[in-house]
Amino acid sequence: MRMYRNADVSVEAMLEDLRTLVEVESPSRDLEALSKSAMTVAAVIESRLGGQAVLVESGAGPHVHWSGGGEPRVLVLGHHDTVFPLGTLARRPFQVVDGHATGPGVFDMLGGLVQAVHGLAALDDLSGVEILVTADEEVGSGSSRALIEERARACGAVLVFEGAADGGGLKTGRKGCGTFDVIVKGRASHAGLEPAAGVNALVEAAHQVLDIAALSRPEIGTTVTPTVASAGTLDNVVPAEATVIVDVRVESAEEKERIESAFAALAPHLDEAEITVRGAVGRPPMPESASAELFEVARRLLPGIEGKAVGGGSDGNFTAALGVPTLDGLGAVGGGAHADHEYLVVGAMAERAHLVTGLVNAIRDSRGA
């Protein structure tokens with residue numbers, strides 16, 4: 001088993017493709033921008049790998065699917081949507097300075113896509129390889145989940161090109177994650193003349209925040225964090241409505257069930273207040289057992305590489321939950337995901353591309369390709 005370090009992988013060419021992708025901004029839910037981005041991703045794939053990339057239309061924007069032909073053996077999985085609004089590029093243009101590439105989406109996860117494509121381009125044979133690049137990962141993968149699961153089952157192994165863990169490690173486990181909206185309905189009244197005639201939704205929301213926060217069990221990896229709240233209209237009106245948004249992370253299916261049941265059972269503290277809950281732990285946990293087989297292959301190819309379980313979710317959560325071997329964090333080495341200081345380490349790009357080449361060959365060999 002070898003890393004193909006002598007394969008024809010050009011960092012200059014990778015940076016050229018990375019610039020191309022970054023300079024087509026692709027904020028989630030912006031269908032026009034995502035259409036342009038999908039066409040650009042497809043063009044990069046076709047120029048480096050040949051064949052034809054198919055745009056799979058969806059309500060969230062086009063997903064990009066490419067196949068090297070033959071019996072499916074391995075799915076290369078990523079996304080082309082980013083969290084940055086249109087106009088970010090003008091403020092933070094793509095550039096390479098002191099060994100770091102910067103610009104919106106370089107680390108999460110356009111750099112990983114480029115490395116994957118160039119690593120695959122070093123293969124003599126692309127049969128059995130599929131690429132799926134979705135348009136809605138950053139907003140929950142509602143339109144792409146079924147397609148992701150279909151292709152994961154068909155291929156039998158999944159390589160996810162999200163950014164690497166701290167220090168360049170691979171992501172061998174992920175928490176399940178989800179968002180809940182807790183909507184409180186009260187009754188408005190004049191805060192000075194008839195405060196008691198109202199039902200204060202803000203006070204009820206305060207009770208709910210304390211109840212919700214108490215659901216956390218950090219000692220077993222469960223965090224339940226109220227993150228956004230809103231209530232009221234004017235300073236002299238008892239609030240009739242309030243909303244609390246809650247971020248949830250869990251490490252086990254049992255905790256997913258406990259948290260979802262607890263949210264469903266939330267009850268008001270104030271007479272006549274009403275509680276409505278929306279949401280779920282939409283991404284199931286990715287246990288480290290799901291990545292064990294592929295991580296051992298990666299360690300043989302690149303001795304010393306570390307594996308880390310992380311709190312964030314990805315589309316790898318879905319494929320791991322199916323029982324399909326899944327290895328994540330194969331993308332760019334860098335940091336600052338979703339932040340203005342996002343960066344990619346240029347010096348690590350060739351090694352990560354070589355890792356792609358070695359992993360795909362090893363997976364196909366092990367599956368009789």
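## Exercises on a predicted model

Ser 26 is buried, with a relative accessible area of 2%. The model is a predicted one, and these exercises start from this serine.

**Exercise 1.** Find where Ser 26 lies and which residues it touches.

*Solution.* Start with the position: Ser 26 sits in the loop between H1 and H2. Since buried means under 20% relative accessible area, the 2% of Ser 26 puts this residue in the buried class. Next, look for neighbours, leaving out residues up to four places away in sequence: Ser 26 touches Ala 33, Leu 34, Ser 37, His 80, Asp 81 and Thr 82. Finally, check the polar side: the side chain of Ser 26 reaches the backbone oxygen of His 80 at 2.6 Å.

**Exercise 2.** Work out how S3 is placed, beginning with how many of its residues are buried.

*Solution.* Count first: 6 of the 6 residues of S3 are buried, so the strand is largely enclosed by the rest of the structure. Then separate the two faces. Val 74, Val 76 and Gly 78 point one way, while Leu 75, Leu 77 and His 79 point the other way. Now turn to the partners of the strand. S3 pairs with S6 in the parallel sense over 6 bridges, and Leu 75 has Glu 130 of S6 as its bridge partner. S3 also runs parallel to S7, joined by 3 bridges; here Leu 77 is matched with Val 160.

**Exercise 3.** Name the buried residues of helix H5 and the elements they pack against.

*Solution.* H5 covers residues 145-155, and its buried residues are Leu 147, Ile 148, Glu 149, Arg 151, Ala 152 and Cys 155. These residues pack against S1, S2, S3, S6, S7 and helix H9. Just after the helix, Gly 156 takes a positive phi of about 85 degrees. Look once more at Cys 155: its relative accessible area is 3%. Cys 177 is buried as well, at 11% relative accessibility. To finish, scan for disulfides: a search of the whole structure finds 0.

**Exercise 4.** Trace the open sheet of 4 strands and say which strands stand at its edges.

*Solution.* Write down the order, which is S4-S5-S16-S15, with antiparallel pairing. S4 (95-97) and S15 (334-335) are the edge strands: each has a single partner strand, so one side of each is left without a neighbour in the sheet. Zoom in on one end: S4 and S5 pair over 3 bridges, and Val 97 stands opposite His 100 in S5. Then add the helix: H4 lies across S5, S15 and S16, running at about 40 degrees to S16.

**Exercise 5.** Describe the largest nonpolar core and identify the element that gives the most to it.

*Solution.* The core has 59 residues, and those touching the most other members are Leu 18, Leu 120, Leu 159, Leu 327 and Leu 359. Several elements give two or more residues to this core, among them H1, H2, S2, S3 and H10. H4 gives the most, with 9 residues. Take Leu 327 as a sample: among the residues it touches are Leu 159, Leu 170, Leu 294, Phe 295, Ala 298 and Leu 359, not counting residues up to four places away in sequence. One more step remains, since there is a second, separate core of 19 residues, which includes Val 224, Val 244, Val 248 and Leu 266.

Terms used. Residues numbered from 1 in each chain as written. Predicted model: local features only at pLDDT ≥ 70, side-chain atom pairs only at ≥ 80, totals over all residues. Heavy atoms only, no water. Core = buried A, V, L, I, M, F, W, Y, C linked by side-chain atoms within 4.5 Å. Buried < 20%, exposed > 50% of the residue type's maximum accessible area, 1.4 Å probe, protein only. Contact = heavy atoms within 4.5 Å. Pairing = 2+ DSSP bridges. Axes fitted to C-alpha atoms, helices over the stretch in contact; angles between N-to-C directions. Polar contact = N/O pair within 3.5 Å; in protein donor to acceptor, adjacent residues only side chain to side chain. Disulfide = S-S within 2.5 Å.
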